[in-house]
Structures are given as C-alpha cells and as structure tokens.
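Please look over the structure shown below before reading on. The paragraphs that follow lead from its domains to its pockets and cavities, and then to a helix pair and some backbone details.

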Amino acid sequence: KKLGVALVGLGNYATRQLAPALQQTEHCQLVGIVTGTPSKAETWKKQYNIPEQNVYNYDNFDQIRNNPDIDIVYVVLPNSMHAEFSIRAAKAGKHVICEKPMALNVKECEQMIAACQTAKVQLGVGYRLYYDPYHLEIRRLGTQKVHGSVKTVESSLGFSMADPKVWRLNKALGGGGAIMDLGVYCIQGARRTVGELPNAVTAQGFVHDEKVFKDIYEMVMFQMEFPGGAVSNSTTTYSSYVDRLHVTSGYQWYGLQPSYNATGAQGETFEGKLNYQTPEFQQIKQMDAFAQDVLNQRAPEASGMEGMIDLKIIEAIVKAAQTGKRVQLDWKGWKL
Ligand code: NAD
C-alpha cells in the first residue's frame with residue numbers, strides 16, 4: 001500500500017512541484033488537501049481525484065486524526081505557520097514533513113520535535129537536495145576528502161523579489177527575508193560538503209531599496225568558520241539572481257551552477273563535467289525516501305534536527321549582521 005499524503009497550503013510550490021511529483025512516487029501518493037480557498041479545493045479534487053472526505057480547511061484540519069487514508073501531512077505554508085500546523089498534524093497522529101525553513105527560530109523547532117516525539121510520528125524537513133545525485137557527489141568529494149580537505153566554499157542563492165505584498169517580504173510571515181528563505185540552502189551547501197558544523201559566523205546585512213525592505217535585509221552576506229579549517233562565504237539576496245556552490249581544496253575545485261534551484265543542478269570538477277540522470281522532479285526521491293523511513297520507523301536523513309541546526313546557524317548569522325560581531329556557535333548537547 002502506498003502511504004497517503006495530504007498537502008497543507010496549495011500555493012506555488014505545492015501546485016507546481018509537490019503535487020505533480022506525488023503522481024510519480026512509488027511509496028506514497030497525494031490523497032488529501034488542506035486549503036483556505038474553496039475554489040482551489042474544487043480544482044484540485046477534479047485534477048487529482050481527491051474525495052470530498054479528504055478535503056480540509058485550516059479550521060477543521062484537526063479532524064484529520066479520524067481519517068485513515070492520510071498517513072503523512074506535508075506543511076507548505078508561509079514560514080510563520082510551519083510550527084503551528086506541524087504540531088497540529090503531530091497531535092492528530094500523522095507523520096509530518098515541513099517545508100524549509102523549518103520554523104522561525106530554534107525554540108519553535110524544539111516544540112515541533114517534542115510534539116512529534118510525544119505523538120511517536122516521524123518529522124522531516126522538505127530538503128529535496130539531500131536526495132539529489134549532484135549534491136550527493138559534491139558531499140562525497142568533500143566529506144571523504146577525495147581531493148584533500150576542503151579549504152573554501154562559496155555557496156550563494158538569490159533572485160529578484162521586490163513586491164512588498166508577498167509574504168516573503170513580510171517579517172511576521174517570512175521571518176526575515178532572503179536569509180530566512182534562502183539561507184538554509186547556502187548553509188547546507190557548505191556544512192554538508194565540509195561535513196562539519198560551523199563554530200563561528202560573521203555576517204553583513206544590506207538594504208538598497210528602503211521603500212521595499214523596511215524591516216528586513218535585502219541581502220545578507222555571511223561567512224562560516226569550520227573546526228577543520230574550512231571557511232565558507234555566502235550571499236543570500238532578493239535583488240539579483242545567483243545560484244552557485246563552489247568548493248576548493250588547494251588547486252582542486254568542484255561545484256554546481258545552478259546549484260539549489262528546483263529545476264535541477266549542473267556540476268563540474270577540475271577534471272570535467274558531472275553528468276547524472278535525474279527524475280523530472282527532485283521531490284519524487286525526497287518523498288519516496290520519507291515514505292520508506294515512515295514504513296521502517298526510522299528518522300529521515302532530512303530530519304527535524306537537521307532543520308533545527310540550520311535555524312540555529314541563521315539566528316547566529318542575523319545576530320552577527322545586527323551587531324557587526326563574530327558570533328560563536330556552541331553545539332554541546334546537540335544530538336547529531
Ligand atoms: P506561496 O505564497 O505560493 O503559497 C503559500 C500558500 O499558503 C498559499 O496557498 C496561500 O493561500 C497559503 N496561505 C495561508 N495563509 C496564508 C497567509 N496568512 N499569508 C499568505 N499565504 C497564506 O508560497 P510557496 O512558494 O508555495 O512557499 C510555501 C512554503 O514552501 C514556504 O515555506 C517556502 O519556503 C517553501 N518552499 C520550498 C521550496 C523548496 O524547494 N523546498 C520551494 C518553494 C517554496
């Protein structure tokens with residue numbers, strides 16, 4: 001039997017990527033939706049053959065506990081709503097995948113992890129690149145020191161986003177602009193290639209258009225120092241397109257460009273191009289991996305702890321940008 005998935009929030013990502021990907025998965029399938037917009041419910045019911053009893057809104061969502069068709073709830077809402085809906089899903093006894101960033105801060109992540117532990121359900125974060133062959137190869141080259149230990153990483157992501165009506169630019173809903181939205185990718189590109197957690201960060205925040213970026217940074221550049229000596233440098237921005245991961249070990253280099261975009265990575269090393277067959281949607285492997293983890297009762301690789309690590313680093317980056325000071329990170333007591 002394929003596990004049943006309900007998507008919560010039928011915006012761009014759910015519509016363009018997750019729902020089509022869930023038509024091609026082997027171990028799970030789209031069977032339910034949660035939406036505040038009745039007209040969307042009608043369209044989705046027809047398009048994906050979703051029965052009326054598997055359609056919920058944000059108010060009656062908790063009744064999902066009585067629905068045996070739905071095993072997994074996937075939260076694809078604005079960032080400020082991730083914690084609330086993940087916790088409600090766990091309390092309803094459903095396994096949870098939450099989109100990135102996992103929440104607004106470490107405290108919310110802790111509450112989500114605790115709720116899932118109490119309910120004995122799995123918690124995953126929608127980190128599709130944990131299952132992408134290009135990213136896995138860069139991680140292998142780095143962590144196995146195939147060309148020696150990593151010395152520098154450049155890891156950046158940005159695009160143009162200047163519409164103040166969009167939730168991503170609203171501090172309460174998005175949590176803080178580009179660093180919240182795109183920071184997780186840049187952080188992971190570096191930390192997962194080095195195979196370590198950073199012990200200090202420095203950061204610089206910039207605003208060019210003050211009419212649009214009133215209380216959030218338009219761009220944040222940041223550096224992470226790793227215990228083994230590697231240093232990474234990143235740009236997250238809402239003012240221009242950048243999407244790249246570049247790694248050096250002495251004279252050897254390797255990287256991806258584009259790197260993080262859902263349309264797929266391309267890669268090259270100092271020895272030549274990387275070439276992998278990839279499925280139409282990265283989310284197919286991501287969702288099948290999660291479904292298998294649920295079936296085998298094990299924590300997913302893209303776990304709640306992974307999501308919380310990234311929020312802890314983002315909190316330190318924002319503090320460093322605001323104070324202009326180097327911020328140290330202490331990982332004592334963190335179960336990795
Ligand atoms: P979106 O704006 O297109 O969709 C958001 C959905 O939430 C809409 O259906 C909207 O109606 C609903 N919603 C409910 N309450 C809302 C409120 N108060 N304000 C605004 N919208 C509200 O956004 P999206 O691009 O689909 O992003 C959704 C989530 O998915 C975000 O957390 C984002 O970071 C994540 N995302 C992840 C990836 C990825 O590659 N993993 C890509 C895109 C987005």
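The domain bounds used here come from an automatic or database domain assignment. On that basis the chain is divided into domain 1 (3-126 + 284-301) and domain 2 (130-270 + 311-328), with residues numbered from 1 along each chain as its sequence is written. The model is a predicted one, in which local features need pLDDT of at least 70, side-chain atom pairs count only at pLDDT 80 or more, and totals for chains, interfaces and linings use all residues, while side-chain values use heavy atoms and leave out hydrogens and water. The C-alpha centres of the two domains lie 26 Å apart, and their contact (heavy atoms within 4.5 Å) takes 16 residues from domain 1 and 18 residues from domain 2.

Rolling a probe the size of a water molecule over the atoms shows where empty space is left. The search runs on a 1 Å grid over the protein atoms alone, where a cavity is a set of points at which a 1.4 Å probe fits but cannot get out, a pocket is an open set with protein on both sides within 12 Å along at least five of seven lines, and lining residues have an atom within 4 Å of a point. Grid points are joined across faces, edges and corners, and a volume is the space filled by probe spheres set on the points.

Where does the largest pocket lie with respect to the two domains? Domain 1 and domain 2 both give residues to its lining, so the largest pocket lies between them. Its volume is about 930 Å³, and among the 31 residues that line it, Asn12, Tyr13, Lys100, Arg168 and Asp181 lie nearest its centre. Helices (H or I, at least four residues) and strands (E, at least two) are DSSP runs, numbered from the N terminus; in these terms helix 1 (12-21), strand 7 (152-158) and helix 7 each supply at least two residues of the lining of the largest pocket, and helix 1 gives the most, with four residues. By class, this lining divides into 15 nonpolar, 10 polar and six charged residues, where Ala, Val, Leu, Ile, Met, Phe, Trp, Tyr, Cys and Pro count as nonpolar, Asp, Glu, Lys and Arg as charged, and the others, Gly among them, as polar.

The second largest pocket has a volume of about 370 Å³ and is lined by 16 residues, of which Ile113, Gln117, Gln122, Leu123 and Ala299 lie nearest its centre. Helix 4 and helix 9 (304-323) are the elements that give two or more residues to this lining, and the largest share, three residues, comes from helix 4. The lining of the second largest pocket has eight nonpolar, six polar and two charged residues.

Turning to enclosed space, the structure holds three cavities of 30 Å³ or more, and about 120 Å³ of space lies in the largest cavity. The residues lining the largest cavity include Leu129, Tyr130, His135, Tyr185 and Tyr260. Helix 7, which also supplies residues to the largest pocket, gives the most to the lining of the largest cavity, with five residues.

Two packed helices are described by the angle between their axes and the distance between the axes. Axes are lines fitted to C-alpha atoms, for helices over the stretch in contact, and angles run from 0 to 180 degrees between N-to-C directions. Helix 3 (residues 82-91) and helix 4 (residues 106-119) pack at an angle of about 10°, with their axes 9 Å apart. That makes helix 3 roughly parallel to helix 4, a description that covers angles under 35 degrees. Among the contact residues are Ser86 and Ile87 of helix 3 and Met112 and Ala115 of helix 4.

Most residues other than glycine have a negative phi, and most peptide bonds are trans. A cis peptide bond joins Lys100 and Pro101, with omega about -15°, and Pro101 is found in the loop between strand 5 (95-98) and helix 4. Another cis peptide bond joins Gln257 and Pro258, with omega about -5°. Lys145, although not a glycine, has a positive phi of about 50°, and is found in the loop between helix 5 and strand 7.

Technical notes: Angles under 35 degrees count as roughly parallel, over 145 as roughly antiparallel, 65 to 115 as roughly perpendicular and the rest as oblique.
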